[in-house]
Amino acid sequence: MTKRLRLIILLGLAISFCLIMVSLAVNSFSASPWQDWQTKYFQAQIKELQGTMTTVQGEEQVKKLEQEIKVWQEKKPAMQEIRLSNGRIERCTTCHIGIEEISASHPSESLGCTVCHGGNALSLDELTAHEGMYGGGHPGQLEVSRLSCGGSSEVGQCHSGNRQEGDNQVDLLTTALMASKGGELSMSRYMYGLDIPPTVLLKPGETATNVQAPFNHRGDEPKFQQNCLAACHLSKGELLGQQVRANGCESCHVLSNPQHTYQGKDATIPQSKAGYGISHRLTVQIPYTQCNQCHNQGDYKLDTMDFIPRHDLERVKSSPSPDKESLETRWQNVYSPGLVFTKCEVNLDCIDCHTRQEVMGDGEMYSSEWKALKIQCQDCHGSVASKPIEWKITDKSDMAWTEARINPVFPPLQMGDVILKTAKGEELAYVRQEDGKWFNYRKKNGEKYQIPQVMDSGCRQDPDKQSSDDCHKCHDVSRDKPSSGGK
């Protein structure tokens with residue numbers, strides 16, 4: 001065999017091998033599961049449009065709807081790509097073709113998916129595409145939040161490492177009581193005589209569940225771990241009676257229904273499986289029903305270290321969404337039976353009173369909820385002897401200026417606007433003075449409420465006894481109907 005013939009044979013074998021590999025690749029590509037996901041998505045759109053056919057009136061509208069249906073029926077699966085401004089290509093939406101835009105401040109066309117979720121953006125194979133995803137698909141988990149919510153070299157600093165401390169929510173959250181459960185640990189040990197006064201046993205980023213022998217190997221220790229700390233919704237604790245683990249930032253900022261099932265259009269997410277938000281969306285407009293999924297589920301008995309679920313818990317689990325509820329159902333569902341609350345506390349949502357620093361932390365570790373509180377009734381309502389503290393906006397570097405722009409329902413702040421500052425020094429961008437009167441703008445929908453003032457109201461309470469606990473003694477409406485109001 002001549003040298004020339006051997007070269008021809010080797011070249012033929014190489015070409016054959018290449019053709020076989022291309023054929024295998026084409027067959028693999030054409031048989032990829034992503035095509036099935038896209039087909040399911042197309043079918044879902046067709047079914048939805050066909051369902052609206054009976055409600056359409058007029059021949060022109062019928063023809064238009066029929067044309068839309070035909071377009072979906074003729075669609076063929078095709079690889080989807082997002083081309084980012086930095087030149088990167090992502091193919092996540094090839095499978096997740098119907099997924100919702102996460103938020104206006106996190107546009108996928110400029111940020112993509114992997115900057116928050118991790119994973120392999122170019123792969124169309126589920127196993128390799130999801131390899132390295134932060135939090136197993138839940139990037140809000142606190143142990144990975146610095147990689148996801150915190151920011152990266154690709155997009156710069158997001159919620160960590162910024163010059164202005166108030167913008168570093170990921171860093172601050174490590175000190176929040178909701179993230180650490182430090183208050184329950186400290187106050188429980190204090191009540192059992194182990195710490196006098198209460199002592200902070202944790203450092204930022206640590207949780208009470210990780211403290212070894214918090215009760216010095218007493219018999220109460222396992223009960224404390226199980227009954228007091230198991231439902232920590234920011235550190236993957238199991239939500240009460242739901243066998244669903246919550247996931248850090250997502251626990252508040254991704255709204256969920258009582259069943260924790262997905263109701264969006266991504267065909268890859270099973271709508272019958274628990275453990276998902278209603279849709280793939282972030283929000284800062286958090287209704288009380290979201291808070292209620294962890295809070296007001298019952299009462300902790302620190303003396304016996306037991307958790308007693310509220311007797312009407314089943315009704316609360318199935319409470320209507322905020323846009324479909326009545327004031328009567330809201331009145332029943334907001335707080336556990338037996339708790340004391342005022343009319344404004346049930347008419348407003350939790351986030352309308354609890355401040356950013358209370359919820360997200362302020363960099364300090366506290367031994368109790370009382371020490372972590374930034375607001376009291378008198379901060380907004382004043383007292384018989386003093387008015388609320390005013391704060392004038394004079395600089396755009398003011399944290400309140402930034403905070404007001406996070407929520408789209410807020411009327412924009414202007415230079416010279418007067419807002420409220422609590423006695424502990426936190427500015428409240430949503431409480432504003434207008435024409436000499438104080439108003440609260442609800443964070444959920446922007447509704448405006450005038451805030452009654454104690455001064456000159458006839459209140460005869462001692463000026464030194466006007467904390468929230470003191471106010472509740474007179475203004476408790478928890479036993480009344482909504483129409484009765486309170487004093």
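Which residues form a nonpolar patch on the surface? In this predicted model, the patch is made up of Tyr190, Met191 and Ile196, and together they offer about 350 Å² of accessible area. Take Tyr190 and look at where it sits: it is part of helix H9, which covers residues 182-191. Is Tyr190 buried or exposed? Neither, quite: its relative accessibility is 37%, so it counts as partly exposed, since that label covers values between 20% and 50%.

Now hop along to strand E9, residues 427-434, for a contrasting picture. Here 6 of the 8 residues are buried, so the strand is largely enclosed by the rest of the structure. Buried, in this case, means under 20% relative accessible area.

What does E9 pair with? On one side of the story there is strand E8, residues 418-421, which runs antiparallel to E9 and is joined to it by 4 bridges. If you want to spot one pairing, find Lys421, whose bridge partner in E9 is Glu427. The two strands make a hairpin with 5 residues between them, and there Gly425 takes a positive phi near 95 degrees.

Then there is strand E10, residues 437-441, which also pairs with E9 in the antiparallel sense, over 4 bridges. To see it residue by residue, start from Val431: its bridge partner in E10 is Asn440. E9 and E10 form a hairpin too, with 2 residues between them. In that turn, look for Asp435, which has a positive phi of about 55 degrees.

Notes
Residues are numbered from 1 along each chain as its sequence is written. This is a predicted model: local features need pLDDT of at least 70, side-chain atom pairs count only at pLDDT 80 or more; totals for chains, interfaces and linings use all residues. Side-chain values use heavy atoms; hydrogens and water are left out. Buried means under 20% relative accessible area, exposed over 50%, partly exposed in between (1.4 Å probe, protein chains only). Two strands pair if DSSP finds at least two bridges between them. Patches are made of residues with over 30% relative accessible area and no salt bridge: like charges are joined within 9 Å, nonpolar side chains (Val, Leu, Ile, Met, Phe, Trp, Tyr) within 5 Å. Accessible areas come from the Shrake-Rupley method with a 1.4 Å probe; for residues, only the protein chains shown count as cover. A salt bridge is a side-chain nitrogen of Lys or Arg within 4 Å of a carboxyl oxygen of Asp or Glu.
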